[in-house]
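Visitor: Hey, got a minute to walk me through this one? I'd like to get my bearings before I go back to the bench.
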Amino acid sequence: MSTETPLSPTARTRVRRLAERGMTDRADLYAVLDAGLLCHLGVLSDGEPRVLPTAYGRIGDTLYLHGSTANRTMLAADGQPVCVTVTHLDGMVCARSVFHHSMNYRSAMVYGTARIISDDSERLAALRVIVENLIPGRWDAARAPNRKELAATAVLALPLAEASVKIRTGPASDEPEDYDLDVWAGVVPARLEFGAAEPDAELPAGIAVPEHILQLNGGTSGR
Ligand SMILES: Cc1cc2nc3c(=O)[nH]c(=O)nc-3n(C[C@H](O)[C@H](O)[C@H](O)COP(=O)(O)OP(=O)(O)OC[C@H]3O[C@@H](n4cnc5c(N)ncnc54)[C@H](O)[C@@H]3O)c2cc1C
């Protein structure tokens, strides 16, 4: 599927509440996913709902998650219907009334049947994209996983076939009669920010902080 293919709402992905915040462009889905570092994987495990926060990466129209082969929640997802969410908090929206306080955000919900990947080349590609989604440039800079490490890692794939995106932007929406109240209203932007890199205490002398690490906080500190 290309970015041109719209997200076709299904019975469960049609945004009903504040439907104008629902996006139908596949490009919006990719943008929300590619800007994120963490997702939440929701799955029924032993009959109980579990929501697992975890890293992820995307290749085309497949989302990849990884975990230990002892990760019971991830294993429980194999062949099962799951829901994965990615959320970005973009701002606190302060209204004049408590009721109309809100948040600016971009979020995605992906539904589908997950499967544990057994093909080694797909597993490696998935692990690479998960690492690169967290720290671009890191995969090639670090030692590659060995056979034992690969054997201890489960990789889960989820097709991006059924998904919804919801985005809120802008100021608060107060009741007309509240706009004259003596209450501050406005938006406080929010964003995720990395600090300066802190070199490991065991690092041999002479290993400088690499550029891809400096880039995490804009390349300005940690040198
Ligand atoms: C950071 C953040 C904070 C929020 N805080 C609150 C809160 O405190 N209270 C509250 O009620 N709501 C909050 N929301 C909105 C919440 O995510 C739901 O959109 C909203 O509650 C409506 O839920 P519903 O099940 O009635 O939606 P419906 O419109 O009935 O959901 C139908 C379908 O729309 C899609 N959908 C719904 N919401 C989202 C979403 N956020 N992202 C992507 N797809 C979606 C899903 O596919 C879902 O199955 C928040 C959202 C974010 C991202």
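Guide: Sure, and one term first: a residue is called buried here if 20 or more other C-beta atoms lie within 10 Å of its own. Also keep in mind that this is a predicted model.

Visitor: Okay, so which residues of helix H1 are buried?
Guide: In H1, which runs over residues 26-34, they are Arg26, Asp28, Leu29, Val32 and Leu33. Looking down the helix axis, those buried residues fall within an arc of 155°, so they line one face of H1.

Visitor: And what do the buried residues of H1 pack against?
Guide: Strands: S1 (22-23), S3 (48-59), S4 (62-68), S5, S6 and S9.

Visitor: Switching to the ligand. How many residues surround it, and which are the closest?
Guide: There are 16 around the ligand, and the closest are Arg16, Tyr105, Ser107, Ser164 and Lys166. The elements that give two or more residues to that shell are strand S5 (81-94), strand S6 (102-113) and strand S9 (162-168).

Visitor: Which element gives the largest share of the shell?
Guide: S6 does, with five residues.

Visitor: How does the shell divide into nonpolar, polar and charged?
Guide: Seven of its residues are nonpolar, four are polar and five are charged.

Visitor: What about the largest nonpolar core, which members touch the most others?
Guide: That core has 33 residues, and Leu63, Tyr64, Ala108 and Leu156 touch the most other members. As background, nonpolar side chains tend to be buried together in soluble globular proteins.

Visitor: Let's stay with Tyr64. What does Tyr64 touch?
Guide: Leaving out residues up to four places away in sequence, Tyr64 touches Tyr56, Gly57, Ile59, Ala126, Val129, Ile130, Val155, Leu156 and Ala157.

Visitor: New topic: where is Asn146, and is Asn146 buried or exposed?
Guide: Asn146 is in the loop between helix H4 (138-141) and helix H5 (147-151). Asn146 counts as exposed because it has 8 C-beta neighbours inside 10 Å, and the cut-off for exposed is 12 or fewer.

Visitor: What separates Asn146 from Val32, back in that helix?
Guide: Their C-alpha atoms are 32 Å apart, and the two are 114 residues apart along the chain.

Visitor: Last one, the big picture. How many helices and strands does the protein have?
Guide: Six helices and 10 strands. Of the protein's 223 residues, 21% count as buried. The C-alpha atoms fill a box of roughly 65 × 45 × 35 Å along the principal axes. Among contacts between residues at least 6 apart in sequence, 72% join residues at least 24 apart.

Conventions
Residues numbered from 1 in each chain as written. Predicted model: local features only at pLDDT ≥ 70, side-chain atom pairs only at ≥ 80, totals over all residues. Near = placed C-beta within 6 Å. Helix = DSSP H or I, 4+ residues; strand = E, 2+ residues; numbered from the N terminus. Nonpolar A, V, L, I, M, F, W, Y, C, P; charged D, E, K, R; others polar. Arc of directions from axis to C-beta. Contact = placed C-beta atoms within 7 Å. Core = buried A, V, L, I, M, F, W, Y, C linked by C-beta atoms within 7 Å.
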